[in-house]
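Here's a quick tour of the model shown below, one topic at a time. Keep the viewer open as you read.

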Number of protein chains: 2
Amino acid sequence: MGSKEQDTEEKIKEAARVIFTKKGYAATRTRDIAEEAGINLSLLNYYFRSKEKLFNIIMTEKIQQFFGIMFPIITDAGLSLEEKIEKMADSYINTILKNPDLPIFVLSEIRNNPQSLAQNFNLGHVMGRSSLILQIKERNSEVDPIHFMLNILGMTVFPFISKPLMEASGVFDDDRFQNLMNERKKLIPIWVKAMLGH
Amino acid sequence: MGSKEQDTEEKIKEAARVIFTKKGYAATRTRDIAEEAGINLSLLNYYFRSKEKLFNIIMTEKIQQFFGIMFPIITDAGLSLEEKIEKMADSYINTILKNPDLPIFVLSEIRNNPQSLAQNFNLGHVMGRSSLILQIKERNSEVDPIHFMLNILGMTVFPFISKPLMEASGVFDDDRFQNLMNERKKLIPIWVKAMLGH
DNA sequence: AAATGATTAAAAAATTTGTTTAAATCAAAA
DNA sequence: TTTTGATTTAAACAAATTTTTTAATCATTT
């Protein structure tokens, strides 16, 4: 188990991250991954047995990334509602800015295979008894708190999902997009407070 | 050109709509479409020459659906800002409720092929000089109006994009989802007004 | 230097998938 | 009824892609 093994395995995984998240499972060819990794195609099967097994490894990582930010924040009873919203927007945008393909990749692949992928996270259970949901209920008891969860996520995540469309149709370029998303770190908490009423 | 032709051609197109929008181009096999349509595989090529040509027909339809609702509303100078937002939420949600896979399908395929698909719509041009953008600017001159466009779209469209995830992880079922989306027709205009400030 | 494990190149097997072909079937017209 | 052309089917084909195999090469360790 020299450093070479580690290096190659990691090179393949890193290439798989890039290609899978950019194209999705079905449109990705193992040849693309091998080329991106700069290794012989045989090595991919040598290390990971199959395209599907490699994909499952990457997908588990990506689901971790996508939900790993959210869980600790919404369940932390030590944070006020305002603090939670600020932290959600801030850390979510920071993370996804480094990985803009993440949301559309995760949500697309879940659409293609909901049952098998939903096992990795019990979102319903976690969210149902989360501190965040309780705090939203206290603040506004008239509207189902799930609405505000959808709004916070939508305002944070949707820009990334629509980015390819917006760029291709000249609404903004990548620089302006990053700019906008940094502005949104401050704006989303303000908007959510306004929506909740005071 | 009897009714048989029409029937079969339409059966194939309808099956293609279902499978393409559910799985995306790459993950769709022509055999899936044939099976869904209940016809022999050869007929697909007999009527549409190739998978790609069939896909282009469906994709053009779907892009029409996705943007066709938006354009007339945001460019109609006869509508007030409030009326525009109400109409956007209402007609968008009504349309997509009948076709929940539409947003993630269109946005995924655009990501996979931005240049070729972006030609169908000059969103940048239309939005830049739209009546809606001007009205938002008048109401709130401090924040780039694109933020509010992203918010309106995000709050309307994101729930559909996250639906497979939410359903698979038990946050809500299809009935509750439809319920929520109908509630949002009224709520989104209220929220957007609150965000804009008054 | 010998041995060991990692990597490559090349080929081939196996599988999947889009497309074509040729014959059969059907419906309408002569 | 026979003929004709369009429609449909079963089968095969062709191309792409994943996976496996084998032998050779390379790098590192003993």
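## How the copies line up

To compare copies, they are superposed by least squares on the C-alpha atoms of residues with pLDDT of at least 70 in both, where pLDDT is the predictor's confidence in each residue, from 0 to 100. Done that way, a turn of 179° with a shift of 0.1 Å along the axis lays chain B on chain A, at an RMSD of 0.4 Å. The two copies are thus related as by a two-fold rotation axis.

A bit of housekeeping: this is a predicted model, so local features need pLDDT of at least 70 and side-chain atom pairs count only at pLDDT 80 or more, while totals for chains, interfaces and linings use all residues. Residues are numbered from 1 along each chain as its sequence is written, and chains are lettered from A and ligands numbered from 1 in the order in which they are written.

## Chain A and its confidence

Chain A has twelve helices and zero strands (helices are DSSP runs of H or I with at least four residues, strands are runs of E with at least two, and numbering starts at the N terminus). Its C-alpha atoms fill a box of roughly 60 × 40 × 30 Å along the principal axes. Of the 198 residues in chain A, 40% are buried; that takes 20 or more other C-beta atoms within 10 Å of a residue's own, whereas 12 or fewer make it exposed and anything in between partly exposed, with C-beta atoms placed from the backbone.

The mean pLDDT of chain A is 93, with 96% of its residues at 70 or more. Confidence is lowest in helix α8 (residues 114-118) of chain A, at a mean of 77, and highest in helix α12 (residues 174-196), at 98.

## Where the two chains meet

On chain B, 46 residues are in contact with 46 residues of chain A, contact meaning C-beta atoms, placed from the backbone, within 7 Å. α11(B) gives the most to this side of chain B, with 16 residues. By class, the side has 29 nonpolar, twelve polar and five charged residues. Here Ala, Val, Leu, Ile, Met, Phe, Trp, Tyr, Cys and Pro count as nonpolar, Asp, Glu, Lys and Arg as charged, and the others, Gly among them, as polar.

The copies meet through the same surface, because 100% of the interface residues of chain B are also interface residues in chain A.

## What sits inside

A nonpolar core is a set of buried Ala, Val, Leu, Ile, Met, Phe, Trp, Tyr and Cys residues joined through C-beta atoms within 7 Å. The largest one has 97 residues, and those touching the most other members include A:Ile152, A:Val192 and B:Phe158. Helix α11 (residues 145-168) of chain A gives the most to this core, with 13 residues. Leaving out residues up to four places away in sequence, A:Val192 touches A:Ile85, A:Phe148, A:Asn151 and A:Ile152.

Helix α7 (residues 102-112) of chain A is largely enclosed by the rest of the structure, because nine of its eleven residues are buried. Among them are A:Phe105, A:Glu109 and A:Arg111.

## Around the DNA

Which residues are closest to DNA strand C? They are A:Thr8, A:Asn40, B:Arg29, B:Asn45 and B:Ser50, out of 17 that surround the strand; a residue is near a strand if its C-beta atom, placed from the backbone, lies within 6 Å of it. Both chains chip in: α1 (3-23) and α3 (41-48) of chain A, together with α2 (30-37), α3 (41-48) and α4 (51-68) of chain B, give two or more residues each. The surface near DNA strand C has three nonpolar, eight polar and six charged residues.

Terms used: Two residues are in contact if their C-beta atoms, placed from the backbone, lie within 7 Å.
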